[in-house]
Amino acid sequence: MQLPFRPSDSNKFTFGNVLNMAGSLNYRGAAYLSSVSALRVGAGYVTLAAIPPVIESVASQLPDAVYLPLPQCGSTMAKDAVQVILNRFKPGTVCSLGCGISAIEDDPHDLPFVVHALLDGLMKQKASLVLDADGLNIFATFDDKPKLSERCVMTPHPKELSRLLNVSVEEIQKNRIDAARDASKRFGTVVLLKGHRTVVANGNEFRINDTGCSALAKAGSGDCLTGIIAGLLAQKVEPFDAAVFGAKIHGIAGELAAKKLSDYGVLASDLPRYIAKAMLQLQH
Ligand SMILES: NC(=O)C1=CN([C@@H]2O[C@H](COP(=O)(O)OP(=O)(O)OC[C@H]3O[C@@H](n4cnc5c(N)ncnc54)[C@H](O)[C@@H]3O)[C@@H](O)[C@H]2O)[C@@H](O)CC1
Ligand SMILES: Nc1ncnc2c1ncn2[C@@H]1O[C@H](COP(=O)(O)OP(=O)(O)O)[C@@H](O)[C@H]1O
């Protein structure tokens, strides 16, 4: 697989626009990790759409992103956030939804409404989308699921896939390839099933990733993967290839980080710098 081409005669918009809907009061780091990873893999322009306290935290670490403050309800985004996001969306924008959007338990919130309306609105506009974490968990609860498209990449870990398919984690782990294929056929999307030997499937084919190590088994590492895939989609990599290549880059970043910092000591927040080093390695 080839890295996305970077012509010399280019500007930031040549390399795409990511609109990342992420974060909540408890999970501010997820918004940072997904946004910075999209930039590190080469996206030209990344907007983080999030509630104001998340933006305040993330902006102090990441002046490179652009920020879209969203109306807040309790610990996460409110119903009115939907219109703010859809107004910002332009054709060609790549969206990522779900990293750390969870509401604090027992906190009143409108998240199911928000996720349903966003998916409906973005699919109508034929958006490319990475759906992760609580985006997936909330999607799993809908009786009337919004129709997704082959331009969507779902990135569940085994527990998230068990919620989506309503089977046990053990059953999924027993046959990871079939589980990923089933989900991809059922939802009409690319499905990336995370874990050691990540599986990527669409309706016709599958790949097994052979990079990565236990350094990646740390909170926030999956948020980096979401950013990587969104960043590749923004650079016009096709969804199946973006998932396959994204898992490979994420794994190489983990391996390179572990060489310097050990399998024990790598943090998810170390990975973005090693994503850049993985790109350098792949470029040669
Ligand atoms: N720094 C941050 O802000 C972080 C935010 N995060 C956000 O936290 C929210 C909750 O995510 P979680 O994944 O913790 O919650 P989940 O409820 O999805 O997962 C926790 C449960 O799933 C099981 N599980 C998780 N990974 C599994 C695997 N690989 N195989 C089998 N079972 C597995 C666990 O045993 C546990 O019972 C998400 O929105 C996520 O984006 C996390 O990514 C961690 C870091
Ligand atoms: N032992 C491992 N070997 C290779 N990759 C791993 C390993 N453990 C976790 N990963 C990868 O790290 C990421 C973890 O994501 P996830 O489970 O969503 O965690 P989080 O939500 O905390 O970020 C996934 O991409 C997964 O494939």
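These legends go with a set of close-up views of a predicted model.

**View 1. The whole chain, as a starting point for the close-ups.** Before zooming in, here's the overall picture: across residues 1–282, helix makes up 47% of the chain and strand 14%. The two end C-alpha atoms of that stretch sit 10 Å apart. The same range, residues 1–282, carries the UniProt annotation "domain: YjeF C-terminal", which comes from an unreviewed entry.

**View 2. Ligand 1 and the residues around it.** Ligand 1 has 19 residues surrounding it, and the closest are Y27, G29, A133, K159 and A219. Several helices chip in here: α1, α5 (133–141), α6 and α9 each supply at least two residues of the shell. Sorted by class, that shell holds seven nonpolar, seven polar and five charged residues.

**View 3. Ligand 2 and its shell.** Swing over to ligand 2 and you'll find 18 residues surrounding it, with K194, G212, L216, A217 and G222 the closest. Helix α9 (residues 221–234) gives the largest share of this shell, four residues. By class the count is six nonpolar, ten polar and two charged residues.

**View 4. The annotated set K194, G195, H196, R197, T198 and G222.** UniProt lists these six under "binding site", again in an unreviewed entry. They span 29 residues in sequence, but no two of their C-alpha atoms are more than 14.0 Å apart, so they gather at one spot. Two of the set make a nice contrast. H196 is in the loop between β9 (190–193) and β10 (199–201), and it counts as exposed because it has 12 C-beta neighbours inside 10 Å, and 12 or fewer is the cut-off. G222, on the other hand, belongs to helix α9 and is buried, since 22 other C-beta atoms lie within 10 Å and 20 are enough. Leaving out neighbours within four places in sequence, G222 is in contact with D132, H157 and K194.

**View 5. H157 and D223, from a second annotated set.** Another "binding site" feature in the unreviewed UniProt entry takes in A30, G100, H157 and D223. Take H157 to begin with: you'll find it in the loop between β8 (152–154) and α6 (158–165). Is H157 buried or partly exposed? It comes out as partly exposed, because its 18 other C-beta atoms within 10 Å fall short of the 20 needed to be buried. Beyond its neighbours within four places in sequence, H157 is in contact with K194, G195 and G222. Now for D223, which lies in helix α9. With 31 C-beta neighbours inside 10 Å, D223 counts as buried. Its contacts, again skipping neighbours within four places in sequence, are A30, L33, S34, C99, G100 and A268; A30 and G100 also appear in the annotated set.

**View 6. Helix α1 from end to end.** Helix α1 (residues 28–40) is 13 residues long and runs 19 Å from its first C-alpha to its last, close to the 18 Å expected at 1.5 Å a residue. This helix is mostly covered, with 13 of its 13 residues buried. Just past the end of α1, G42 adopts a positive phi of about 120°.

**View 7. M279 beside G42.** M279 is part of helix α11 (residues 271–283). Which residues is M279 in contact with, leaving aside its neighbours within four places in sequence? They are L3, V41 and G42. M279 is partly exposed, with 18 other C-beta atoms within 10 Å. A handy second landmark is A253: the C-alpha atoms of M279 and A253 are separated by 8.7 Å, with their positions 26 residues apart along the chain.

**View 8. The largest nonpolar core, with V200 picked out.** Nonpolar side chains tend to be buried together in soluble globular proteins. The largest nonpolar core here contains 94 residues, and the members touching the most others are A31, L48, A50, V153, V200, I229 and A243. Helix α10 (residues 239–265) gives the most to this core, with eleven residues. Zoom in on V200 and, not counting residues up to four places away in sequence, you'll see it touching V190, L192, F206, R207, F240, A243, V244 and A247.

Methods
Residues are numbered from 1 along each chain as its sequence is written. Chains are lettered from A and ligands numbered from 1 in the order in which they are written. This is a predicted model: local features need pLDDT of at least 70, side-chain atom pairs count only at pLDDT 80 or more; totals for chains, interfaces and linings use all residues. A residue is near a molecule or strand if its C-beta atom, placed from the backbone, lies within 6 Å of it. Ala, Val, Leu, Ile, Met, Phe, Trp, Tyr, Cys and Pro count as nonpolar, Asp, Glu, Lys and Arg as charged, and the others, Gly among them, as polar. The expected span of a helix is 1.5 Å times one less than its number of residues. A nonpolar core is a set of buried Ala, Val, Leu, Ile, Met, Phe, Trp, Tyr and Cys residues joined through C-beta atoms within 7 Å. Two residues are in contact if their C-beta atoms, placed from the backbone, lie within 7 Å. UniProt positions are given in the numbering used here, feature names are shortened, and annotations may be inferred rather than shown by experiment.
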